[in-house]
Amino acid sequence: MTDHVDQILAQWHAEKPELDVSPMAVLGRLSRAALAVDSRVAATFARHDLDASTFDVLATLLRTGAPYRLAPAALARDAMISTSAVAQRLNKLEGRGLVFRQTNPHDGRGTVVSLTDAGRQLVEAALPDHVATEHAITAVLSAAEQAQLAALLQRLHDAAAGSSAG
């Protein structure tokens with residue numbers, strides 16, 4: 001079964017036969033898979049009036065456990081986003097009444113971000129649907145294949161990020 005990536009590889013082989021373009025098979029399919037997954041997940045989030053970035057922030061706060069509170073820098077780290085992106089997202093989420101900011105009780109110079117009851121209810125309602133979507137996507141792979149793919153993707157990430165781990 002051939003796909004668009006196979007066609008691209010064949011074109012490169014015909015045009016530049018001296019080049020080994022085999023990494024394009026992996027990275028091209030990885031990119032296409034990521035786009036398809038993002039689209040499917042976005043449809044799930046949209047049913048809850050969410051987008052991926054909003055869900056990420058709310059879910060990060062929820063998974064920290066009660067009292068569902070983090071400093072903005074910790075939120076950025078744990079949600080794997082930049083601190084400037086966190087500030088923009090928090091403004092939007094606070095406007096929707098899903099989070100609130102207050103003075104850090106342990107350090108009066110900083111702030112902490114907390115889930116509101118509405119934010120917690122929203123992310124708790126969306127989470128089972130999100131996980132069901134992920135299960136539906138990954139169901140084509142056995143548990144062993146999923147574990148192997150996760151490990152391989154971690155190695156690719158580390159190589160792309162310049163890490164020597166792996």
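# A guided tour of a two-domain model

Begin by colouring the chain in two parts, since the protein is divided into domain 1, which covers residues 1–47, and domain 2, which covers residues 50–158. Keep in mind throughout that this is a predicted model. If you place a marker at the centre of each domain, taken over C-alpha atoms, the two markers are separated by 28 Å.

**The interface**

Next, select the residues where the two parts meet: nine residues of domain 1 are in contact with eleven residues of domain 2. The area buried between domain 1 and domain 2 is about 880 Å², and carbon and sulfur atoms give 76% of that area. On the domain 1 side, show Arg40, Thr44 and Phe45 as sticks, for these three residues supply 61% of the area that domain 1 buries against domain 2, more than any other three residues. Sorted by class, the side of domain 1 that touches domain 2 has six nonpolar residues, one polar residue and two charged residues. A search for salt bridges between domain 1 and domain 2 gives a count of zero, whereas two residue pairs in polar contact are found across this interface.

**A link within the first part of the chain**

Now turn to charged side chains in the structure as a whole, which holds eight salt bridges. One to select is the pair Arg29 and Asp3, whose side chains meet in a salt bridge at 2.9 Å, N to O. Arg29 sits in helix H2, residues 23–46, while Asp3 belongs to the segment before helix H1, residues 4–15, so that the pair, 26 residues apart, links distant parts of the chain.

**Two places in the backbone**

Follow the chain onward from H2 to Asp49, which lies in the loop between H2 and H3. Asp49 has a positive phi of about 60° although it is not a glycine. Then move to Pro67, whose place is in the loop between helix H3, residues 52–63, and strand S1, residues 69–70. Look here at the peptide bond from Ala66 to Pro67, which is cis, with omega near 15°.

**The annotated region**

Finally, select residues 23–158, the range that UniProt, in an unreviewed entry, lists for "domain: HTH marR-type". Over residues 23–158 the chain is 70% helix and 12% strand, and the C-alpha atoms at the two ends of this range are 16 Å apart.

Notes. Residues numbered from 1 in each chain as written. Predicted model: local features only at pLDDT ≥ 70, side-chain atom pairs only at ≥ 80, totals over all residues. Heavy atoms only, no water. Domains from an automatic or database assignment. Contact = heavy atoms within 4.5 Å. Buried area = accessible area lost by both parts, 1.4 Å probe. Salt bridge = Lys/Arg side-chain N within 4 Å of Asp/Glu carboxyl O. Polar contact = N/O pair within 3.5 Å; in protein donor to acceptor, adjacent residues only side chain to side chain. Nonpolar A, V, L, I, M, F, W, Y, C, P; charged D, E, K, R; others polar. UniProt positions renumbered as here; feature names shortened; annotations may be inferred. Helix = DSSP H or I, 4+ residues; strand = E, 2+ residues; numbered from the N terminus.
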